Amino acid sequence: VTERIGLTDVRIHYDRPGVKGREGKIWGGLVHVGYIDQGFGSSKAAPWRAGSNENTTVEFSTPVKIEGQNLPAGKYGFFIAYDPNECTLIKKKNSTSWGSYFYNDKEDALRVKVKPVALEKSVEWMKYEFINESENSATVSLQWEKLMIPFKIEVDYVNEQLESFRRELRTERGFVWESWNQAAAWCVQRGVNLEEALLWADSATSRNFGGD
């Protein structure tokens, strides 16, 4: 599942396990509490793989904040140490291992804690959804059986858009007045970067463009 937040592309790749008649046996049963020795692989204290089969991965095209903590752009393995009161979400630098059989906490890039939320209706096939979306943030919601595990992603939309304008105004788009005007107007609408916006507006109305 892929979504764009501001100018940031977020891609989650996962396999979807089903409840398959195991109501009441998923959380704390099939999804174990905390860390366990799965009896295979090098990890003796493995979290849940946040899906089924291969490694669940989350990829960000720009730097982001996860629950207020900074995370660089890149592709990460995603794991969850489930607890009925507070889950630990783990972003791992290694995104190619199978499941969590080779989990090593030395490869952790980020850890955050979130509270799981009970659902009224059961979700048969596990899914990730983007909810509570705004211009610069969204919440990713993992839903399965009667439980949701949410985490918030925030992006620096304003500064990323300004950098995009600066790059584009050095390309063929910088040879028409409309591009300079659009960049200046965007800044005025948000009350940001006004000194540079004035220069962009001056460029839009300069003799180079016929005084438009």
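This report describes salt bridges in a predicted model.

A search of the whole structure finds eight salt bridges. Three of the pairs are set out below with the separation of their closest N and O atoms or, for the last row, the N to O distance.

| Acidic residue | Basic residue | N to O distance |
|---|---|---|
| D9 | R4 | 2.8 Å |
| E107 | K92 | 2.8 Å |
| E168 | R173 | 3.1 Å |

The bridge from E107 to K92 has its closest N and O atoms 2.8 Å apart. E107 sits in the loop that runs between β7 (87-92) and β8 (108-114), while K92 belongs to strand β7, so this pair ties together parts that are 15 residues apart in sequence. The two partners can also be described by their accessibility. K92 has a relative accessibility of 1% and counts as buried, because buried means under 20% relative accessible area. E107, with a relative accessible area of 27%, is partly exposed.

D9, which bridges to R4, is partly exposed at 29% relative accessibility.

E168 and R173 meet through their side chains, with 3.1 Å from N to O. E168 is partly exposed at 28% relative accessibility, and R173 is partly exposed at 45%. Elsewhere in the list of bridges, E163, R166 and E196 are joined into one network by salt bridges that share partners.

Terms used: Residues are numbered from 1 along each chain as its sequence is written. This is a predicted model: local features need pLDDT of at least 70, side-chain atom pairs count only at pLDDT 80 or more; totals for chains, interfaces and linings use all residues. Side-chain values use heavy atoms; hydrogens and water are left out. A salt bridge is a side-chain nitrogen of Lys or Arg within 4 Å of a carboxyl oxygen of Asp or Glu. Buried means under 20% relative accessible area, exposed over 50%, partly exposed in between (1.4 Å probe, protein chains only). Helices (H or I, at least four residues) and strands (E, at least two) are DSSP runs, numbered from the N terminus.
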